[in-house]
Amino acid sequence: MSDMLFMNVHDLVKHFKVANSSDVVHAVDGVSFSIYRNETLAVVGESGSGKTTLGRLLIRLVEPTSGAIELDGQDISNLSDARMKPLRRRIQMIFQDPYSSLDPRMSVEQTLGEALAIHGLAKHSRKERIAELLTLVGLDPSLAGRFPHQFSGGQRQRIGIARALSVEPEMIVGDEPVSALDVSVRAQVLNLLSDIRARLGLTFVMITHDLGVVRHSADRIIVLYLGKIVEIGAADDVFTQPRHPYTRALIKATPDPFRLRREATEILGGEVPSPIAPPSGCRFHTRCPMARDICSKEEPALETRKPRHLSACHFAHEVVPPISQEPPPRLYQQRLDIIRAAYAGKDT
Amino acid sequence: MAGTFVGRPQEGVLMVETQASGASSSSPLNEKAALAVRGLTISIPTARGPLHLVEKLDFSIAPGKTLCIVGESGSGKSITALALMRLLHNALDITAGTVDLNGTELLGLSNKEMRKVRGAGMSMIFQEPMTSLNPAYTVGNQIVEAITTHRSLSAEAARTEAVRLLREVNIPAPEQRLDAYPHQLSGGMRQRVMIALALANNPSVLIADEPTTALDVTVQAQILELMRNLRSRYGASVIFITHDLGVVREIADDVLVLYAGRVMEYARAQDIFENPQHPYTLGLFAALPNGRSREPLTVIPGLVPMVGQFPKGCRFSTRCALATEKCRMEQPLLEDFGKGHRVACWYAPIESTRP
C-alpha cells in the first residue's frame, strides 16, 4: 500500500426523501476518509449501514446531498455529466449479482464493446481488446459471441470484471462482488481480483458484509453503522484490537470454522434501527453492551486511537480484544497442506 | 481404527455398501434415530432412462441432534430436503429408498396422510422467509392456521398459543406482532416467525434450508442461538442445510458432505473439523478465506457437473487433483473408518499413497 492519496471524501451526506412523507432516510450521514493509491479498502457493515450508498456516491451513481469527493484534488461531487464522463473512465464498478448486472440481450462482445465505444476506442481495435480482456479475467476469448445466460455465475462475474477493466480504470468499487458465489467459485474470483489488482496497480474499494473475505483481502477497513463511520484503520489493527464495540461484535458474530462456539452472552441483541430515525447520541447505543448515560446524549467523535486507527466511541479504550482464532488441528493442517499442494497451479 | 489413519485402508476395514448398511451403523452416533433415510434416490425421467440427481443417500438423526448437509449449488441438498417433505417438483421422482420418521415409512403414505405429517411430524423453513410467508395475511392468521390445521383448538386458544410461540422465538411485543403483515417485519423477524410456524405443532424433525444465509451476521448469530435453544427445549432433530462451514461449526452435531448427489463424507462435526478425509471436504476448507494468510486461495477448478454428465467413477473425480484412473472408472463405496466416520474415497485418508 502506498501513501499516495487517490480520493478524499469530506463530510459526505446522502439523505433520501421517503415518498409521500416528510421522512428522510439518513443513508450516509457525514463520513470523511481517504483512499490511497493501490490499496484495498474494505467498507463493512450490515443492512442499513449505508455501505452500498457510499459505494454509489464514490462513482457518482447517486448525487450527494452535501459534502465533497475529491479526486486528485478536484471536487467531483458537483460536476456536470459532461465533465464527469472522462472521470468515469477512471473509476468503475463491479456489482453483486452477475445475473442482473449484465444485459441478457447483449453478447459479451457487445457488452464489452459498448464500454469501449463510449470511451472512444476505435472500432477496429476493439475486437483485439475484447480478446485481451477476456484472457485477463480467465475466460476463453472464443466465447465472446455468447450471451450471459450461457455462462455460470462465476463466469458472469468475470465478465462484469472485464467490463469494469475495459476502460482501464484506476479504481474499482466492488459492491459485494463475491457474495452470490459458491465457495470454490468465490475463491476463484477472489484470486482473480487480487491478481488483477497487483498486475494493473488498481485501487480497490470492496463493499461487503463478509469479514472472512475482508480479512483475506483488505489493507484497510472502514466499519459503518447507520450511515456513520464507527471505526477505520489497518485491517490487522481492526481485527486484533478493535476500538469500537460494534466492530468487536461483528467479528464475534462471523461464523468461523476454527473458533470455539461463542458464548450466548456475547451475541449482540436487537437489529439495526431504522435509518429514518437514527438513535440520539451514539447511534449504536441501543444495542451496545457497554452503553452508559453519555452514549445516548453525546455523539462520540471519530478520534485517533493510534496512528491511522480511528474509532467513534466514548469508551474505546475499554473494548476488549476478541479472542483470535484457535490454531488449526494438526491432522487438519497436514491434510490441508496436501490438498493445497495438489491444487497449486490448477487455478481457473 | 480410531485415531490413526496412516496408510491405505487395510484388509478387514469395514466395507459397507451404502444401500445395504444396517440401521445401527448409519448414524455416526449409533443412537436411536428420529429420522432414518436409506438409499434415497431422486431421479428425473428421460427418454434414455432415469437420471439420478441424488443417489443412494443414507443418513439418520438422533432426537435433539442437528445434522448439517453441506455442499455447493447442484449438490442436491435442497432437493433432498424437499424429497423428505414429499414436496418435490412433479418432474422429479423418488425412485428408491425409504424415509422412516419415528417408525412411519413416509414414502408409502397417501397424500392426505402426508399432509398430516407436514407441520406436525416434520416441518421446514426456507432461506427467504418473505417468499414463504403469505403477504396477504397477518402473521397471527398464518400461525393460527398452522395450529388449527393439526389441532382442534378454539380460535381464542389458538391465538394464545400463537402469542406463546412468538414469545418463544424472542419476538418483542408478540401480542402486537400478531396483527403485523410480513412486509412490516425485518428479515430477522420474518425468519423468527417462520421458526414459530415450523414449531407450532411440535414436530420431531425440523428441516432448515439455508435459514440464515440472507440475514446480517449479527442477526444470523441470534437465529443460530435461538435454534440451538429451541432444539434443546423442544427436543426436535434438525436438518440444517448450508454452504457455510463457519455456520456448520456453530450448530452441527453431525455433518454430511454432499457432492453431485452423492455422499462424500459423513461424520461427527468434530471429526469433520479435526480429521477431514475426503479431498472434496478439504478442498472446501482450502477455498475459504481464513484470515491467516494472504496467499491465493485454493481453487477447485470447474463446476459441479450437471446431472446427466456425472462421471462414471467417483463423482468428484473430474475436479479432484488427486484422482487416479481407478477413481475415474469405479465409484468408491462409503467406507467406515471407525466411530461412524464415513468417507467415499479410494484413497482416504488423503495422505495414503497412490499407485
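**Entry 1: the nonpolar core.** I began with the largest nonpolar core in this predicted model, and I found that it holds 197 residues. I then looked up which members have the most contacts inside it: they are V205(A), I221(A), I143(B), A196(B) and I239(B). On the chain B side, I noted that this core takes at least three residues from each of domain 1 (18–121 + 202–343) and domain 2 (133–200). A reminder to myself: in soluble globular proteins, nonpolar side chains tend to be buried together.

**Entry 2: one core residue up close.** I picked I221(A) and asked what it touches once neighbours within four places in sequence are set aside. My list reads A42(A), V44(A), V214(A), I232(A), G233(A), A235(A) and V238(A).

**Entry 3: where the chains meet.** Next I turned to the contact between chains A and B, to which chain A gives 41 residues and chain B gives 45 residues. Which helices of chain A supply at least two residues each to the side touching chain B? I wrote down α6 (183–200), α7 (211–217), α9 (245–253) and α11 (330–343). The largest share of that side of chain A comes from α11(A), with ten residues. Sorting that side by class, I got 20 nonpolar, eleven polar and ten charged residues.

**Entry 4: the two domains of chain B.** Back in chain B, I looked at how domain 1 (18–121 + 202–343) and domain 2 (133–200) sit relative to each other. Taken over C-alpha atoms, their centres are 30 Å apart. Their contact uses 14 residues of domain 1 and eleven residues of domain 2. On the domain 1 side, α2 (111–120) and α8 (217–234) of chain B are the elements that give two or more residues. Of these, α8(B) gives the most, with six residues. I was curious how many charged residues lie on that side of domain 1. There are none: I found eleven nonpolar and three polar residues.

**Entry 5: chain B as a whole.** I finished with the overall build of chain B, which has twelve helices and twelve strands. Its radius of gyration is 21 Å, close to the 20 Å that the globule rule gives for 355 residues, so chain B is as compact as a globular protein of that length. Along the principal axes, its C-alpha atoms fill a box of roughly 70 × 50 × 40 Å. I also checked burial, and 49% of the 355 residues in chain B are buried. Last, I looked at contacts in chain B with a separation of 6 or more: 66% of them join residues 24 or more positions apart.

Terms used. Residues numbered from 1 in each chain as written. Chains lettered and ligands numbered in written order. Predicted model: local features only at pLDDT ≥ 70, side-chain atom pairs only at ≥ 80, totals over all residues. Core = buried A, V, L, I, M, F, W, Y, C linked by C-beta atoms within 7 Å. Buried ≥ 20, exposed ≤ 12 C-beta atoms within 10 Å, placed from the backbone. Domains from an automatic or database assignment. Contact = placed C-beta atoms within 7 Å. Helix = DSSP H or I, 4+ residues; strand = E, 2+ residues; numbered from the N terminus. Nonpolar A, V, L, I, M, F, W, Y, C, P; charged D, E, K, R; others polar. Rg over C-alpha atoms; globule rule 2.2 N^0.38 Å.
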